[in-house]
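Open the model in your viewer and keep the selection panel at hand. We will walk through it stop by stop, selecting as we go.

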Amino acid sequence: MTALLQVNNLTKQFGHDAKALSDVGFSVQEGEFVSIIGPSGAGKSTLLRCINRMVDATSGEIMFDGVNVLNLKKKELKKVRTKIGMIFQHYNLVNRLTVIENTLHGKLGCKSTLSGVLGLYNREEKEQAMHILGLLGLDDFIYKRADQLSGGQKQRVGISRALIQNPRMLLCDEPIASLDPNSAKVIMDYLKNISVNMGITVLVNLHQVDVALKYSDKIIGINGGQVVFIGAPKHMTRADIQRIYGSEAEDLIFDAGGIHAG
Amino acid sequence: MEVNEQISAQRQLLKTRPHNRMKVKPLTKSAFVTRITLFSLAVLTIYAFFTFDYKDIDFVDAVLLTIANLKAMFFEPHLKHFTFSHAFYQVFVTLGLAFLTTLFGAVIAVFLGLFAAENLSSKWISTMIKGFVAFIRAVPTVLWVLIFAVAAGLGSVAAVIGMTFHSVSYLIKAYSESFEELDKGVIEALQASGASFWQIVFQAVIPSSITYMISWTFLRFEINFAVAVAMGAAAGAGGIGFDMFMASGFYLDIREIGAITYFILAVAILLEVFATKVKRKLKVNA
């Protein structure tokens with residue numbers, strides 16, 4: 001197994017003194033399920049967005065599949081982005097369009113500008129969309145408008161849109177933060193499934209320590225823009241959680257029981 | 001214990017409440033200025049009525065004559081210098097002028113509106129376009145037509161250019177604001193999957209704001225119809241407005257003006273009814 005993603009000395013600076021990320025480094029293997037946890041404002045979202053250059057890092061190196069993402073020109077960047085799917089907390093679907101149209105949006109990156117503009121998709125792409133929607137249990141909603149769906153269903157459409165890209169990696173920015181516990185579990189199960197069965201690397205930002213402990217192969221803990229923990233869930237101790245969340249950790253007792261259970 | 005403390009705290013509050021009248025609206029500086037302005041306007045108005053130069057007009061006479069005129073205009077309308085079919089045709093000329101300028105305006109405004117929307121273009125370009133467009137809007141349409149008449153000569157060409165000019169600036173503001181309604185995250189999501197700018201525009205931005213765009217465009221069409229009537233008279237652009245100008249300024253036929261007014265009113269009502277229907281339909285789908 002080789003590292004699909006290798007991040008070295010990544011630094012992101014907003015303005016003059018606000019450092020969102022400082023000297024971040026880690027590696028992710030192909031097919032791994034990695035969670036990034038940390039308090040709000042620790043730089044989790046920024047880190048994720050640096051990887052597909054939605055945010056430009058100040059310095060450092062991000063090797064994805066053998067290329068340094070930070071040096072890419074516009075056209076090559078687009079090509080890399082087609083290989084990385086992204087899932088968002090607020091789903092970010094086009095509400096007025098149908099589920100299948102939203103799913104097919106994932107294909108825009110590898111289409112010519114004109115056919116993308118006109119929304120012309122070939123039979124193969126449509127069949128793939130149907131297939132993926134079927135996998136995510138959305139058969140009955142194919143022609144429903146996105147704004148008629150529940151949160152969990154919307155997020156599944158978000159996952160479909162990412163999957164139709166045939167990605168090597170999924171970046172999930174707090175995918176379950178706005179969902180109820182039931183839908184959250186469904187979504188996490190799907191993500192885990194994708195990582196295990198399709199061999200797609202999954203990188204998830206999470207708020208919930210217990211969820212991270214349960215699903216991840218590897219956990220990256222961030223605090224104040226710095227990596228303070230990298231390791232398997234079973235190596236995570238109470239002290240580690242305290243380091244990640246600072247003094248707030250006192251209130252996080254609820255997951256203490258889960259640490260060595262999994 | 002805690003509950004008791006809360007209750008006693010509330011009692012304290014009740015006791016210390018002052019006994020004078022309670023004000024719902026505090027007298028702030030802006031409220032004060034508003035009141036002063038309204039008051040001085042009222043005083044000025046009353047003062048003006050006493051100091052007008054009435055010449056030798058008898059007020060009652062003047063009112064009666066005006067009513068007689070209005071009666072002639074609206075209760076005894078007739079067409080003397082134009083036939084019914086001619087007037088009907090001229091209404092379509094005016095409608096055509098309104099339609100053409102709205103269409104030109106809409107097409108140009110869609111593209112410029114994209115660059116004027118802050119979420120789709122850079123802050124700098126957006127501010128520049130919006131500022132420029134605000135300047136164009138500040139000058140009335142009629143003035144733009146007259147300005148272009150310097151180059152194109154008074155007539156339909158100047159009217160089309162001038163009205164298009166103003167429609168563009170109006171619609172850019174309307175469109176760019178509806179584009180800005182779109183959540184930044186949606187654009188981000190498509191960018192992250194490698195979609196290009198124009199793909200994002202046609203697959204996400206326009207589908208999301210199409211109902212706003214249609215209703216704004218229709219509103220502009222109604223405005224343009226009214227302006228087109230005025231342009232017929234003021235800039236010789238033809239259409240029903242020109243006939244009205246002839247009826248009043250040339251033939252001095254007040255009954256004919258009444259007939260033409262009815263024509264314009266009928267079209268305006270039809271447009272309004274149609275617009276309401278379209279908007280209701282859009283709302284159902286929204």
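Start with the charges of chain B: select its Lys, Arg, Asp and Glu side chains. There are 23 positive and 18 negative charges, and their mean positions are 9 Å apart in this predicted model. Now make the matching selection in chain A, where 30 side chains are positive and 26 are negative. The centres of those two sets in chain A lie 7 Å apart.

**Chain B as a whole**

Next, show chain B as a cartoon. What does its secondary structure come to? You should find eleven helices and zero strands, so a walk from the N terminus passes one α element after another, α-α-α-α-α-α-α-α-α-α-α. The radius of gyration of chain B is 28 Å, well over the 19 Å that the globule rule gives for 286 residues, so the chain is more spread out than a compact globule. Turn the view along the principal axes, and the C-alpha atoms fill a box of roughly 95 × 65 × 40 Å.

Switch chain B to a surface. The accessible surface comes to about 17900 Å², and carbon and sulfur atoms account for 71% of that area. Of the 286 residues in chain B, 38% are buried. If you draw contacts in chain B between residues at least 6 apart in sequence, 77% of them join residues at least 24 apart.

**A stop at B:Ser126**

Zoom in on B:Ser126, which sits in helix H5 of chain B, residues 123-138. Is this serine buried or exposed? B:Ser126 has a relative accessible area of 0%, under the 20% cut-off, and therefore counts as buried.

Which residues does B:Ser126 touch, leaving aside those up to four places away in sequence? Select B:Phe115, B:Ala116, B:Ala117, B:Glu118 and B:Ser121 to see these contacts. For a distance to try in the viewer, pick the C-alpha atoms of B:Ser126 and B:Ala189: these residues are 63 apart along the chain, and the two atoms are separated by 22 Å.

**Over to chain A**

Now hide chain B and show chain A as a cartoon. Here the secondary structure comes to nine helices and ten strands. A compact globule of 262 residues would have a radius of gyration near 18 Å, and chain A agrees with this, at 18 Å. Along the principal axes, the C-alpha trace of chain A spans about 55 × 40 × 35 Å.

Colour chain A by burial, and 55% of its 262 residues count as buried. With the surface switched on, chain A exposes about 11500 Å², of which carbon and sulfur atoms supply 50%. Among contacts in chain A between residues at least 6 apart in sequence, 67% join residues at least 24 apart.

**Last stop: the cysteines**

How many disulfides are there over all chains? The count comes to zero. Select A:Cys50 to see one of the cysteines concerned: the nearest cysteine sulfur belongs to A:Cys172 and is 17 Å away, whereas a disulfide needs two sulfur atoms within 2.5 Å. A:Cys50 is buried, with a relative accessible area of 0%.

Then select A:Cys172. This cysteine is in no disulfide either, and the nearest cysteine sulfur is that of A:Cys50, 17 Å away. A:Cys172 also counts as buried, at 0% relative accessibility.

Note on methods:
Residues are numbered from 1 along each chain as its sequence is written. Chains are lettered from A and ligands numbered from 1 in the order in which they are written. This is a predicted model: local features need pLDDT of at least 70, side-chain atom pairs count only at pLDDT 80 or more; totals for chains, interfaces and linings use all residues. Side-chain values use heavy atoms; hydrogens and water are left out. Buried means under 20% relative accessible area, exposed over 50%, partly exposed in between (1.4 Å probe, protein chains only). Helices (H or I, at least four residues) and strands (E, at least two) are DSSP runs, numbered from the N terminus. The radius of gyration is taken over C-alpha atoms; the globule rule is 2.2 Å times the number of residues to the power 0.38. Contact means heavy atoms within 4.5 Å. Accessible areas come from the Shrake-Rupley method with a 1.4 Å probe; for residues, only the protein chains shown count as cover. The place of a charge is taken as NZ of Lys, CZ of Arg, CG of Asp or CD of Glu.
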